[in-house]
Amino acid sequence: MDEFISEVSDLVDFNKLNIYPNNVEWSGKLIDYDVDFFLSIGEESGIYINGEMIKADDEFLEMINKLKTFYEKFKSKWAKILASRKKTIKT
């Protein structure tokens, strides 16, 4: 959460981090833009955003780029954890 706040936005409401056997999901709301975000690693990997009548100005596009950059770190970290959990289960 601290990384997200420093790298993407400090005005955010986070939901729970959900860890499943084959995927990790984390979501929240970017208050400045009234946009919900959803990060997923595993079966449905990607960044998903949901909002209504979003003004796609330079500030919004910059925030999306920050979100994409953060997602790559998030994906790298949690993909390693998922892989190690699968190894642990198999042994």
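**Figure 1. Charged side chains of the predicted model.** In this predicted model, the protein chain carries 13 positive and 17 negative side chains. The centres of these two sets lie 12 Å apart. The exposed surface of the protein chain comes to about 6,300 Å². Carbon and sulfur atoms supply 51% of that surface.

**Figure 2. Overall layout of the protein chain.** The chain holds 2 helices and 5 strands. Read from the N terminus, the order of elements is α-β-β-β-β-β-α. Along the principal axes, the C-alpha atoms fill a box of roughly 50 × 25 × 20 Å. The chain has 91 residues, and 29% of them count as buried. Among contacts with a separation of 6 or more, 39% join residues 24 or more positions apart.

**Figure 3. Aromatic rings of the protein chain.** The count of aromatic pairs is 12. One pair is Phe4 with Trp26: the ring centres are 5.8 Å apart and the planes meet at 80°, so the arrangement is edge-to-face. Planes over 60 degrees apart are classed this way. Phe4 belongs to helix 1 (residues 2-7) and Trp26 to strand 3, so the pair ties together parts that are 22 residues apart in sequence. Phe4 is buried, with a relative accessible area of 0%. Trp26 is buried too, with a value of 6%. Both belong to one aromatic cluster, formed by Phe4, Phe14, Trp26, Phe37, Phe70, Phe74 and Trp78.

**Figure 4. Ser27 and its surroundings.** Ser27 sits in strand 3, which spans residues 24-30. Its relative accessibility is 14%. Buried means under 20%, so Ser27 counts as buried. The side chain of Ser27 makes a polar contact with the side chain of Asn15, at 2.8 Å. Asn15 also appears in the list of contacts that Ser27 makes beyond its neighbours within four places in sequence. The full list is Phe14, Asn15, Lys16, Phe37 and Phe38.

**Figure 5. Where the Ser27 contacts meet the aromatic cluster.** Phe14 and Phe37 are in contact with Ser27, and Phe14 and Phe37 are also members of the aromatic cluster. Trp26, another cluster member, lies in strand 3, as does Ser27. Trp26 is buried at 6% relative accessible area, and Ser27 is buried at 14%.

How values were computed:
Residues numbered from 1 in each chain as written. Predicted model: local features only at pLDDT ≥ 70, side-chain atom pairs only at ≥ 80, totals over all residues. Heavy atoms only, no water. Helix = DSSP H or I, 4+ residues; strand = E, 2+ residues; numbered from the N terminus. Buried < 20%, exposed > 50% of the residue type's maximum accessible area, 1.4 Å probe, protein only. Polar contact = N/O pair within 3.5 Å; in protein donor to acceptor, adjacent residues only side chain to side chain. Contact = heavy atoms within 4.5 Å. Areas by Shrake-Rupley, 256 points an atom, 1.4 Å probe, with all protein chains shown as cover. Lys, Arg positive; Asp, Glu negative; His and termini not counted. Charge placed at Lys NZ, Arg CZ, Asp CG, Glu CD. Phe/Tyr/Trp six-rings, centres within 6.5 Å; stacked < 30°, edge-to-face > 60°.
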